[in-house]
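These are my notebook entries on a single structure. I looked up its open and closed spaces, then its charged side-chain pairs.

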Amino acid sequence: MGILASAVFCIAVRGVVMERGKSFILLIVLNGFLVMSVMAYPAVFWEDFRITWADDHIKQTSALDGNAIQLRLDQISGSGFASKKKYLFGRISMKIKLVPGDSAGTVTAFYMNSDTDNVRDEVDFEFLGNRSGQPYTVQTNIFAHGKGDREQRVNLWFDPSAQFHTYSILWNHYHIVFSVDDIPIRVYKNNEAKGILYPKSQPMGIYSTLWNADNWATRGGLEKIDWSKAPFNAYYKEFDIEACSIPGGVSCPSNTTNWWEGLKYRSLSPVQARNYRWVRLNHMVYDYCTDKSRYPVPPPECLDGI
C-alpha cells in the first residue's frame, strides 16, 4: 500500500474501486481533508434523484422491462425529476423509452444544468414529439456562461418509443459528446484557446422533464398536442453516473487520471468518427452552423469542423 496506507483513507461502496463500469463511491481523505469524490455506479433513483415537478405524475413501475420511472403529461401538468447532487466532468447516461404514438407537441428532455440563471451552463437532449408514422427528432443544445442558441437536430433512425435506448453525455476538458446507443450524434469541442466559451467551472445537475411545448416543438408549433391521446408517458431506467460529485473533493474535476480524461476519450475513435459522419450525412435535419438566416457569418466554433 505504501503512501496509500499511511496517508490516504479510502472507502468503497457497491463494488470495486476505480474500475469503470463497476459500482462504487470513492472518497479519499488526505490530512483530514476530502480531496476526491468520484461517483461511478448505476444510480438508485430514489437515493440519487428527487422529484421537481408534479409528484403525482411520477411513479415507479415494473410493468415495462423491469423497474422504470414513468413521467406523465396530461392537461393538468407535465412532470420532472433532478439529481440531488451536481457534477463537474464525467459521463452521465440513462435508458429512455419515449412517448409512443401521436406525441406531437410534447418534449421529453434529458439535460444537465448549472442552475445559475443568466450565466448558466447547460447541455441538452430534447426529444421532440411527432405525428404517428413520422420520425422522432432529437434536438441538442449547449449553453456556456449563459450563451446558447447552438441547436442541432437529428432524426432518430429507429422508433425510440418501441423499446429503451441509451442516451449519454460525455463531458471532459476536451469536448462534450452526445451519444445514442454509443453512436455519437454531436461533438462540441473545447476551443477556449480561440476565445470560445466552454462549460468547465460550474457543476451541473442532471434533469429530466416531460412537458407541453406545442408552441414550437413539432413543425415549428404548427402541430398541436391532441389531448384526446393523453396521458403521454415516457419511461426511464438504468441511470448511470460516472462523474465528480459536487460538493465533494476539490481535486476530482482537475484529476487527469479520471478515466474520462484519458487519451482515448479526448477525441473520437475511428469507428466513432465514421458513425458520427454517417449520422450527420443521413440524419441531421438542422444545424445552426449552416443557418444563414440566423448567422450570416458562421459562429466561430463552427469553423473548427466536426
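The entries below go from pockets to the cavity, then to one strand residue and the salt bridges.

**Entry 1. Model.** I noted at the outset that I was working with a predicted model.

**Entry 2. Largest pocket.** I looked up the largest pocket and found a volume of about 290 Å³. I counted 16 residues in its lining, and those that lie nearest the centre are Arg-91, Leu-170, Ser-179, Tyr-265 and Gln-272. I then asked which strands supply at least two residues each of this lining. They are β12, residues 165-171, and β13, residues 175-180. The largest share, three residues, comes from β13. Sorted by class, I recorded six nonpolar, six polar and four charged residues in the lining of the largest pocket.

**Entry 3. Second largest pocket.** I read a volume of about 240 Å³ for the second largest pocket. Its lining is made of 15 residues, with Gly-129, Pro-135, Thr-137, Thr-218 and Arg-219 lying nearest the centre. By class, I entered seven polar, four nonpolar and four charged residues for this second lining.

**Entry 4. Cavity.** I next searched the whole structure for cavities of 30 Å³ or more and found one. The largest cavity holds about 40 Å³ of space. I listed its lining as Val-138, Thr-140, Gln-152, Arg-153, Val-154, Ile-185, Arg-186 and Met-284. Three strands each supply at least two of these residues: β10 (137-143), β11 (152-155) and β14 (183-189). Which strand gives the most to the lining of the cavity? I found that β11 does, with three residues. By class, I noted four nonpolar, two polar and two charged residues around the cavity.

**Entry 5. Asp-287.** I turned to Asp-287, which is found in strand β17, residues 284-287. Is Asp-287 buried or exposed? Its relative accessible area is 8%, under the 20% cut-off, and therefore I recorded Asp-287 as buried. The side chain of Asp-287 makes a polar contact of 3.2 Å with that of Gln-152, and Gln-152 is also one of the residues lining the cavity. Setting aside neighbours within four places in sequence, I found Asp-287 in contact with Glu-151, Gln-152 and Arg-280.

**Entry 6. Salt bridges.** I obtained a count of 13 salt bridges. One of them joins the side chains of Glu-223 and Arg-131, at 2.8 Å from N to O. This pair links distant parts of the chain, 92 residues apart: Glu-223 is in the loop between β15 (204-212) and β16 (232-246), and Arg-131 is in the loop between β9 (122-128) and β10. I found Glu-223 buried at 17% relative accessibility, whereas Arg-131 is partly exposed at 22%.

Glu-223 also meets Arg-219 in a salt bridge, at 3.0 Å from N to O. Arg-219 has a relative accessible area of 56%, over the 50% cut-off, so I entered Arg-219 as exposed. Which residues are joined into one network by salt bridges that share partners? I listed Asp-102, Arg-131, Arg-219 and Glu-223. I also noted that Arg-219 is among the residues nearest the centre of the second largest pocket.

A further salt bridge is formed by Glu-192 and Lys-200, with the closest N and O atoms 3.3 Å apart. I recorded Glu-192 as partly exposed at 33% relative accessible area, and Lys-200 as partly exposed at 41%.

Conventions:
Residues numbered from 1 in each chain as written. Predicted model: local features only at pLDDT ≥ 70, side-chain atom pairs only at ≥ 80, totals over all residues. Heavy atoms only, no water. 1 Å grid on protein atoms, 1.4 Å probe; cavity = no way out; pocket = protein on both sides within 12 Å on 5 of 7 lines; lining within 4 Å. Points joined across faces, edges and corners; volume = space filled by probe spheres on them. Helix = DSSP H or I, 4+ residues; strand = E, 2+ residues; numbered from the N terminus. Nonpolar A, V, L, I, M, F, W, Y, C, P; charged D, E, K, R; others polar. Buried < 20%, exposed > 50% of the residue type's maximum accessible area, 1.4 Å probe, protein only. Polar contact = N/O pair within 3.5 Å; in protein donor to acceptor, adjacent residues only side chain to side chain. Contact = heavy atoms within 4.5 Å. Salt bridge = Lys/Arg side-chain N within 4 Å of Asp/Glu carboxyl O.
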